Amino acid sequence: MLIRAGYEIRYETEVATPMLALLSIHPSRNKDLVTPHRIIGAPDVPMYGYTDSFGNMCTRLTVPAGGLTLSCDFTIEDSGEPDPVTPDAIQHPLEDLPDDVLIFLLGSRYCETDRLSNVAWSMFGHIISGWERVQAIVEFTHNHIQFGYNFARPTKTAWDAHQERQGVCRDFAHLAITLCRCMNIPARYCTGYLGDIGVPVSDAPMDFSAWFDVYLGGRWHTFDARHNQPRIGRILMARGRDATDTALTTTFGPAWLAGFDVHTDEVAALDRG
């Protein structure tokens, strides 16, 4: 299938403010592009990119005094298949994990493994390790947290989401990731586009989405505690330990979000807009 996606994001500021943006698709999806993927600034400002330690494409720029609108629109090819389900994927003994996977067992800014370890072992220690254990964590998180955009705040951690039982998709991901890490299952945070493809269309405004990967059976597998079902048409933008590593924009000075629009739609044929 073909998916047309993109965004228009407006920042206001009274003084020139440096910004770091992770608003490109992940390099692993570049080969699927049908039309070019370009970030456009209005006004036009210098931008340059680099690849961070997690393999994400990052963009550096400065928001000029008066503000800046960033936009992008592209079409990408997708398999049209839902997230794979692999019930026989095993959990590896810690000593058998690859070196570069170990970092995704550690606590991080939004994933306090030390605070949730006892909770995790008391709830999931009796469950067969592997896919079944991860799915139990996903189902618990899905049922434990009430979704609502009004529950969002940038300082909310996995522990906060567990205690308050409210949040947005990133809070679902943070809690599930933390519980997996507590059970010695490597888990990493993912962010990107996820449209209402193959599911009833939501009446909520379109937004970017957060999900997570776990390392089982020698490879990474996608899980989504917010929706708790395989979905079609994920377009990865960035992944890391938690939302710190994958923040769509980080401003280094006073700036505020003045406009935000995201679109993700299946298209029947190439649509160059």
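## A walk through the model, starting in the core

Begin by selecting Phe124, Val134, Leu179, Cys180, Phe212 and Val214: of the 37 residues in the largest nonpolar core, these touch the most other members. Keep in mind as you go that this is a predicted model.

Now colour the elements that build this core. Helices α1 (113–124), α2 (131–144), α3 (158–164) and α4 (169–182), together with strands β9 (187–193) and β10 (209–216), each bring at least two residues to it. Which of them gives the largest share? That is α4, with nine residues.

Stay in the core and click on Val134. Apart from its neighbours within four places in sequence, Val134 is in contact with Cys180, Ile185, Val214, Leu216 and Phe223. There is also a second, separate core, made of 26 residues; to find it, select Tyr7, Val45, Leu68 and Val262, which are among its members.

**Along helix α2**

Next, pick Thr141, which sits in helix α2. Is Thr141 buried or exposed? Its relative accessible area is 0%, so Thr141 is buried. Show what surrounds it: not counting residues up to four places away in sequence, Thr141 touches Phe172, Leu175, Ala176, Leu179 and Ala225.

**Aromatic pairs**

Phe172 leads to the next stop, the aromatic rings. The model has twelve aromatic pairs. Take Phe147 and Phe172 as one of them: their ring centres are 6.3 Å apart and their planes stand at 40°, so this pair counts as tilted. The two rings link distant parts of the chain, with Phe147 in strand β7 (residues 146–147) and Phe172 in helix α4, 25 residues apart. Turn on the surface and the partners can be told apart: Phe147 is partly exposed at 26% relative accessibility, whereas Phe172 is buried at 2%.

Now move to Tyr215 and Trp220. Here the ring centres lie 5.4 Å apart and the planes meet at 70°, so the pair is edge-to-face. Tyr215 is buried, with a relative accessible area of 11%, while Trp220 is partly exposed at 21%.

These two residues are linked through the backbone as well: Tyr215 has Trp220 as its bridge partner in β11. Zoom out a little to see the strands themselves, β10 and β11 (residues 219–223), which run antiparallel and are joined by five bridges. They form a hairpin with two residues between the strands, and in this hairpin Gly217 takes a positive phi near 55°.

For one more aromatic stop, select Tyr7, Phe74, Tyr193, Phe208 and Phe260, which together form one cluster.

**The four-stranded sheet**

Switch to cartoon view for the open sheet of four strands. In what order do its strands lie? They follow β3-β6-β1-β14, with antiparallel pairing. Look at the edges: β3 (40–42) and β14 (256–267) each have a single partner strand, so one side of each has no neighbour in the sheet. From one strand to the next, the twist averages 10°.

Zoom in on β1 (residues 2–12) and β6 (residues 68–77), an antiparallel pair with ten bridges. To see one of these up close, select Gly6 and its bridge partner in β6, Asp73. Strands of a sheet pair through backbone hydrogen bonds, so backbone atoms are what to display here.

**A glycine between strands**

Gly195 comes next, in the loop between β9 and β10. With a relative accessibility of 0%, Gly195 counts as buried. What is Gly195 in contact with, once neighbours within four places in sequence are left aside? Met206, Arg231, Ile232 and Thr264. Add Ile3 to the selection too: Gly195 and Ile3 are 192 residues apart in sequence, yet 9.0 Å apart in space, C-alpha to C-alpha.

**Last stop: the cysteines**

Finish by showing the cysteine sulfurs. How many disulfides are found in the whole structure? Zero. Try Cys72 as an example: the nearest cysteine sulfur, in Cys58, is 15 Å away. Cys72 is buried, at 3% relative accessibility. Then try Cys190, whose sulfur is 12 Å from the closest cysteine sulfur, in Cys111, and therefore too far for a bond. Cys190 is buried too, with a relative accessible area of 0%.

Definitions and conventions. Residues numbered from 1 in each chain as written. Predicted model: local features only at pLDDT ≥ 70, side-chain atom pairs only at ≥ 80, totals over all residues. Heavy atoms only, no water. Core = buried A, V, L, I, M, F, W, Y, C linked by side-chain atoms within 4.5 Å. Buried < 20%, exposed > 50% of the residue type's maximum accessible area, 1.4 Å probe, protein only. Contact = heavy atoms within 4.5 Å. Pairing = 2+ DSSP bridges. Axes fitted to C-alpha atoms, helices over the stretch in contact; angles between N-to-C directions. Disulfide = S-S within 2.5 Å. Phe/Tyr/Trp six-rings, centres within 6.5 Å; stacked < 30°, edge-to-face > 60°.
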